[in-house]
Amino acid sequence: MNSYFPCDTKAPRREDPELLETLNSIKSVLRKIEFTSVIWARDINADFVRHTNHTEAVQDVLDELNLFTLWEKHEVNFTCMHKINEVTHVSKLDHFFLSENIKDNVEDAGVLHHPYN
């Protein structure tokens, strides 16, 4: 499954309908189909070192669906880099979430930092 999430507005959950609609759509798809494995990838706009309503809402869905981030097993330094007032900031906003039955089958994973990507 591939998805693109709204940015973390740092708003309370009830005030972020786009995030809730996105999460509910994903849960709905996964509940309606029969699957044995899940790989959910893309820009989730959630850096789990932050404790915002956005990251907590995403984590709640991961817990509910029993999915794990690949970065728990394969540490990466960052997936996103940008400058604010000439200060470089990095974060892990892009993720691969896996179902439990395949998470240990991934032997290697990482991020290719390329200036045009």
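**Exercise 1. In what order do the 4 strands of the open sheet stand, and what is the pairing?**

Solution. The model is a predicted one.

Step 1. Start with the whole chain. The protein contains 3 helices and 6 strands, and along the sequence these elements follow the pattern β-α-β-α-β-β-β-β-α.

Step 2. Pair the strands. Strand E1 (residues 2–4) runs parallel to strand E2 (residues 39–43), and 3 bridges join them. E2 also pairs with strand E6 (residues 94–99), here in the antiparallel sense and over 5 bridges.

Step 3. Write the order. The open sheet reads E1-E2-E6-E3, with mixed pairing. E1 and strand E3 (67–69) are the edge strands, each pairing on one side only. From one strand to the next, the twist averages 25 degrees.

**Exercise 2. Trace the bridge partners of Asn2 and Ala41, then give the handedness of the crossover from E1 to E2**.

Solution.

Step 1. Begin at Asn2: its bridge partner in E2 is Ala41.

Step 2. Continue from Ala41 to E6, where the bridge partner is Phe96.

Step 3. Return to E1 and E2, which run parallel. The chain passes from E1 through H1 to E2, and this β-α-β crossover is right-handed.

**Exercise 3. Describe how helix H1 packs against helix H2, and classify the residues in the contact**.

Solution.

Step 1. Two packed helices are described by the angle between their axes and the distance between the axes. For helix H1 (residues 17–32) and helix H2 (residues 53–65), the axes come within 11 Å and cross at roughly 10 degrees.

Step 2. Apply the cut-off. Angles under 35 degrees count as roughly parallel, and H1 and H2 are therefore roughly parallel to each other.

Step 3. List the residues that meet. H1 supplies Leu19, Leu23, Lys27, Leu30 and Arg31, while H2 supplies His54, Ala57, Val58, Val61, Glu64 and Leu65.

Step 4. Sort them by class. The contact has 7 nonpolar, 1 polar and 3 charged residues.

**Exercise 4. Is Trp40 buried or exposed, and which residues is it in contact with beyond its neighbours within four places in sequence?**

Solution.

Step 1. Place the residue. Trp40 is in strand E2.

Step 2. Compare with the cut-off. Buried means under 20% relative accessible area; Trp40 has 0%, so it is buried.

Step 3. Collect the contacts. Neighbours within four places in sequence aside, Trp40 is in contact with Met1, Ser3, Phe5, Ile26, Leu62, Leu67, His95, Phe96 and Phe97.

Step 4. Take one of these partners, Phe96. Trp40 and Phe96 are 56 residues apart in sequence, yet 5.6 Å apart in space, C-alpha to C-alpha.

**Exercise 5. Repeat the analysis for Ser99, then give the values for the whole protein**.

Solution.

Step 1. Ser99 lies in strand E6. Its relative accessible area is 7%, so Ser99 is buried.

Step 2. With neighbours within four places in sequence left aside, Ser99 is in contact with Thr36, Ser37, Val38, Asn66 and Leu67.

Step 3. For a distance, use Leu65. Ser99 and Leu65 are 34 residues apart in sequence and 8.2 Å apart in space, C-alpha to C-alpha.

Step 4. Turn to the whole protein. Of its 117 residues, 38% count as buried. Among contacts between residues at least 6 apart in sequence, 72% join residues at least 24 apart.

Note on methods. Residues are numbered from 1 along each chain as its sequence is written. This is a predicted model: local features need pLDDT of at least 70, side-chain atom pairs count only at pLDDT 80 or more; totals for chains, interfaces and linings use all residues. Side-chain values use heavy atoms; hydrogens and water are left out. Axes are lines fitted to C-alpha atoms, for helices over the stretch in contact, and angles run from 0 to 180 degrees between N-to-C directions. Helices (H or I, at least four residues) and strands (E, at least two) are DSSP runs, numbered from the N terminus. Angles under 35 degrees count as roughly parallel, over 145 as roughly antiparallel, 65 to 115 as roughly perpendicular and the rest as oblique. Contact means heavy atoms within 4.5 Å. Ala, Val, Leu, Ile, Met, Phe, Trp, Tyr, Cys and Pro count as nonpolar, Asp, Glu, Lys and Arg as charged, and the others, Gly among them, as polar. Two strands pair if DSSP finds at least two bridges between them. A crossover is right-handed if, with the strands pointing away from the viewer, the path from the first strand over the helix to the second runs clockwise. Buried means under 20% relative accessible area, exposed over 50%, partly exposed in between (1.4 Å probe, protein chains only).
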